[in-house]
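Here are some worked exercises to try with the model open beside you. Have a go at each task before reading its solution.

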Amino acid sequence: MGGVIISEPEEGSPIEDLPWVVVFQSLDDAWDSFTCGPYERDHAIALAEAVAVEEDDVLAAVEPLLPALEPADILADIAELREVHEDEDDEEDEFEETDESEESEEDTEEGDEEESEEDGDELEITDIEVPDADEVREGMARVVNRLLADA
């Protein structure tokens with residue numbers, strides 16, 4: 001049996017009503033991952049579980065499909081997720097002992113040197129044509145119509 005990871009929004013969250021997707025991937029990297037959907041949440045979970053029961057090397061991740069219309073929406077989601085992750089890390093750090101603080105300081109100094117070397121190698125991307133929110137909505141409508149036409 002494979003595995004299933006299900007995103008669990010808080011009860012009553014508006015995320016529950018969003019479309020959901022299932023990302024299927026190989027546990028041993030024997031094949032490339034792919035995404036199926038959109039589905040209602042219960043259907044996505046049922047499909048993910050049915051596939052995971054049949055295949056040993058499959059990991060299925062059930063996730064909400066967020067309706068991001070512009071880069072600012074995506075960046076806001078990323079910032080929110082980073083903040084949650086940092087809060088979780090801070091809580092874990094409170095419970096850990098700090099007996100090895102000298103080693104931590106050495107690791108941090110080494111890590112800073114590595115980061116500064118990499119910063120100069122960043123690619124600068126210019127002239128990106130980003131569709132506005134109305135264009136994105138129109139594209140979403142076209143996708144939905146294609147999905148329904150194929151059904």
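## Getting an overview

The accessible surface of the chain comes to about 12400 Å², and 48% of that area belongs to carbon and sulfur atoms. Please keep in mind that this is a predicted model.

**Exercise 1.** Describe the make-up of the chain: how many helices and strands are there, and in what pattern do they follow one another along the sequence?

*Solution.* Start with the count: the chain has four helices and four strands. Next, walk along the sequence, and the pattern reads β-β-β-α-β-α-α-α. Then turn to burial: of the 151 residues in the chain, 17% are buried. Finally, look at the contacts between residues at least 6 apart in sequence: 69% of them join residues at least 24 apart.

## The sheet

**Exercise 2.** Work out the strand order of the sheet, and find which strands lie at its edges.

*Solution.* Begin with the pairing. Strands of a sheet pair through backbone hydrogen bonds, in either a parallel or an antiparallel sense. Here the four strands form an open sheet in the order 1-4-2-3, and the pairing is mixed. Strand 1 (3–6) and strand 3 (34–39) are the edge strands, each pairing on one side only. From one strand to the next, the twist averages 20°. To finish, add the helix that packs here: helix 1 (residues 41–54) lies across strand 1, strand 2, strand 3 and strand 4, and runs at about 160° to strand 1.

**Exercise 3.** Take strand 2 and describe its pairing on both sides: how many bridges join strand 2 to strand 4, and how many join strand 2 to strand 3?

*Solution.* First side: strand 2 (residues 20–26) pairs with strand 4 (residues 58–64) in the antiparallel sense, over seven bridges. Two of the partnerships to look for are V23 with A61 of strand 4 and W20 with P64 of strand 4. Second side: strand 2 and strand 3 also run antiparallel, joined by four bridges. One partnership to check here is F24 with F34 of strand 3. Last, consider cover: six of the seven residues in strand 2 are buried, so strand 2 is mostly covered.

**Exercise 4.** Is P64 buried, partly exposed or exposed, and which residues does P64 touch beyond its neighbours in sequence?

*Solution.* Locate P64 in strand 4. Its relative accessibility is 21%, so P64 counts as partly exposed; the cut-off for buried is under 20%. Setting aside neighbours within four places in sequence, P64 is in contact with S7, I15, L18, P19 and W20. As a distance check, the C-alpha atoms of P64 and V21 are separated by 6.2 Å, although the two residues are 43 apart along the chain.

## Backbone details

**Exercise 5.** Most residues other than glycine have a negative phi, and most peptide bonds are trans. Where does this chain depart from each habit?

*Solution.* For the peptide bond, go to G37 and P38, which are joined by a cis bond with omega at about 10°. P38 has its place in strand 3. For phi, go to D29, where the value is near 55°, positive in a residue other than glycine. D29 sits in the loop between strand 2 and strand 3. With a relative accessible area of 70%, D29 is exposed.

## Salt bridges and a surface patch

**Exercise 6.** Find the two salt bridges in the structure and say what each one links.

*Solution.* Begin with E8 and R41, whose side chains meet at 3.0 Å, N to O. E8 lies in the loop between strand 1 and strand 2 while R41 is in helix 1, so the pair ties together parts that are 33 residues apart in sequence. E8 is exposed at 60% relative accessible area, whereas R41, at 16%, counts as buried. Now take D134 and R137, which meet at 3.2 Å, N to O. They are three residues apart in helix 4 (residues 133–150), so about one helical turn separates them. D134, at 49%, and R137, at 44%, are each partly exposed.

**Exercise 7.** Which residues form a nonpolar patch on the surface?

*Solution.* Look for I74, L75 and I78, which together have about 260 Å² of accessible area. I78 lies in helix 2 (residues 71–95) and is partly exposed, with a relative accessible area of 33%.

Definitions and conventions:
Residues numbered from 1 in each chain as written. Predicted model: local features only at pLDDT ≥ 70, side-chain atom pairs only at ≥ 80, totals over all residues. Heavy atoms only, no water. Pairing = 2+ DSSP bridges. Axes fitted to C-alpha atoms, helices over the stretch in contact; angles between N-to-C directions. Contact = heavy atoms within 4.5 Å. Patch = residues over 30% accessible without salt bridge, like charges linked within 9 Å, V, L, I, M, F, W, Y side chains within 5 Å. Areas by Shrake-Rupley, 256 points an atom, 1.4 Å probe, with all protein chains shown as cover. Salt bridge = Lys/Arg side-chain N within 4 Å of Asp/Glu carboxyl O. Buried < 20%, exposed > 50% of the residue type's maximum accessible area, 1.4 Å probe, protein only.
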